[in-house]
Amino acid sequence: VLHGSGRAKDLVSQILTFSHQSGYEKQPLKLRLIVIEALTLLRASIPAFIDIKKKLHSNGYILADHTQIHQVIMNLCTNAWHAMQKEGGTLSVELKDMKLSSANVFLPADLTPGQYLVLSIKDTGCGIRADLVEKIFDPYFTTKAKDKGTGLGLSVVLGIVSKCDGAITIDTQEGKGTAFHVFFPEFFPHIEQETALEPLILGNNEHILFVDDETFQIEMTQDLLEQLGYQVTTCPESLRALELFIEKKDEFDLVITDMVMPIMTGKTLASKILDIRPDIPVILSTGYSDDIDNKDLQRIGIAQCLMKPFGMADLGKAIHSAIHSALQK
């Protein structure tokens, strides 16, 4: 569940990144694990008459964005099963290491010689007509019906692979299936020995006012805070939270407030609370980075911004840091 939630978080982040044309995060990835993850998801979503066979012979790493590589695999595999949806067939996925030299006939254009991971996704479907092969990576080009495809899948795949300094080739014959071969430069990370998980940073019975208009968020975070050793008072309304703070301003050691709420935003609430008691640390919680203007937060006096979704460790660190910083002022 945690792994799936993390993937959902990354996917939403990727959608927001794409819509704003901003950057993405490259990191060392063991490609074999992402292929297994994608195929597990795919198996649950495609018909049983499509047989999936995999030969994953590489444990190598690539330098890429996790969500984007997952998207490459899912797009190519989805195209493959669509090509077999009438008659059924076999989807074969192979991963292997390959050393390419300038004399190697397998070296695709624009690739420099070196060590590569080659991901091959093959189907036994209808194949692609020879006159269409050169067009398949063009944006909006599709052989599917208008309500079945946008023509963006393969162009997105090509863009992602190119960002990784890789290449993609295709072998296809009408009526005899299609094979895509994706070449990723192998990355050799410095693998450090795994260390034990950091212990949770626990509280000392400090009293926290937690404000959020979502009931499930209140219930979950209250449970986390109590496990971390804090007293918690919750409030689902920003105006009521302000009234509560005015009534009991000396009883609270810290305030955590959601950003987007009806009537009054978390930022406005934080500003009014800090006008009443400038010494109290306030943490602003949000799920969308565009809500954040660091200069504005500093001007108001907000101690930290905590990005949703957060776990117990992140919550504990943020609270400890905010309280500790306030005590040093």
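Begin by selecting C164: with a relative accessibility of 7%, this residue counts as buried, because buried means under 20% relative accessible area. The model on the screen is a predicted one. Next select C77, which counts as buried because its relative accessibility is 0%. The count of disulfides comes to zero.

**The nonpolar cores**

Keep C77 displayed and add V93, since C77 is among the residues that V93 touches. Leaving aside residues up to four places away in sequence, V93 also touches V35, L39, K53, K54, K55, L56, L119, S120 and I121. V93 belongs to the largest nonpolar core, a set of 42 residues. Select I69, L76 and L91 as well; together with V93, they have the most contacts inside this core. Which helix gives the most to this core? Colour helix 3, residues 66–82, to see the answer: helix 3 contributes eight residues. A second core, separate from the largest one, holds 22 residues. To locate this second core, select M261, I273, L284 and I302, which are among its members.

**Strand 10 and its neighbours**

Now select strand 10, residues 254–258. Is this strand mostly covered or mostly open? Strand 10 is mostly covered, with five of its five residues buried. Show the side chains to see two directions: L254, I256 and D258 point one way, whereas V255 and T257 point the other way. The residues on both sides are buried.

Add strand 8, residues 207–211, to the selection. Strand 8 pairs with strand 10 in the parallel sense, over four bridges. To find one of the paired positions, select V211, whose bridge partner in strand 10 is T257.

Then add strand 11, residues 282–286. Strand 11 also pairs with strand 10 in the parallel sense over four bridges. Here, I256 has I283 of strand 11 as its bridge partner. Follow the chain onward from strand 10: the path runs through helix 7, residues 266–276, and reaches strand 11. This β-α-β crossover is right-handed.

**Helix 6**

Select helix 6, residues 238–247, and within this helix highlight S238, A241, L242, L244 and F245, which are buried. Why do the buried residues line one face of helix 6? Turn the view to look down the helix axis: the buried residues fall within an arc of 160 degrees, so they line one face. To see what covers these residues, display strand 8, strand 9 (231–235), strand 10 and helix 7, which are included in the cover.

**Three loops with backbone features**

In the loop between strand 7 (178–185) and strand 8, select N205. N205 has a positive phi of about 65 degrees although this residue is not a glycine. N205 counts as partly exposed because its relative accessibility is 47%.

Move on to the loop between strand 10 and helix 7, where I263 is located. I263 is likewise a residue other than glycine with a positive phi, near 70 degrees. Is I263 buried or exposed? I263 is exposed, because its relative accessible area is 76% and exposed means over 50%.

The last stop is P309, in the loop between strand 12 (304–307) and helix 9 (312–328). Display the backbone from K308 to P309: the peptide bond between them is cis, with omega near -10 degrees.

Notes. Residues numbered from 1 in each chain as written. Predicted model: local features only at pLDDT ≥ 70, side-chain atom pairs only at ≥ 80, totals over all residues. Heavy atoms only, no water. Buried < 20%, exposed > 50% of the residue type's maximum accessible area, 1.4 Å probe, protein only. Pairing = 2+ DSSP bridges. Right-handed = clockwise from strand over helix to strand, strands pointing away. Arc of directions from axis to C-beta. Contact = heavy atoms within 4.5 Å. Disulfide = S-S within 2.5 Å. Core = buried A, V, L, I, M, F, W, Y, C linked by side-chain atoms within 4.5 Å.
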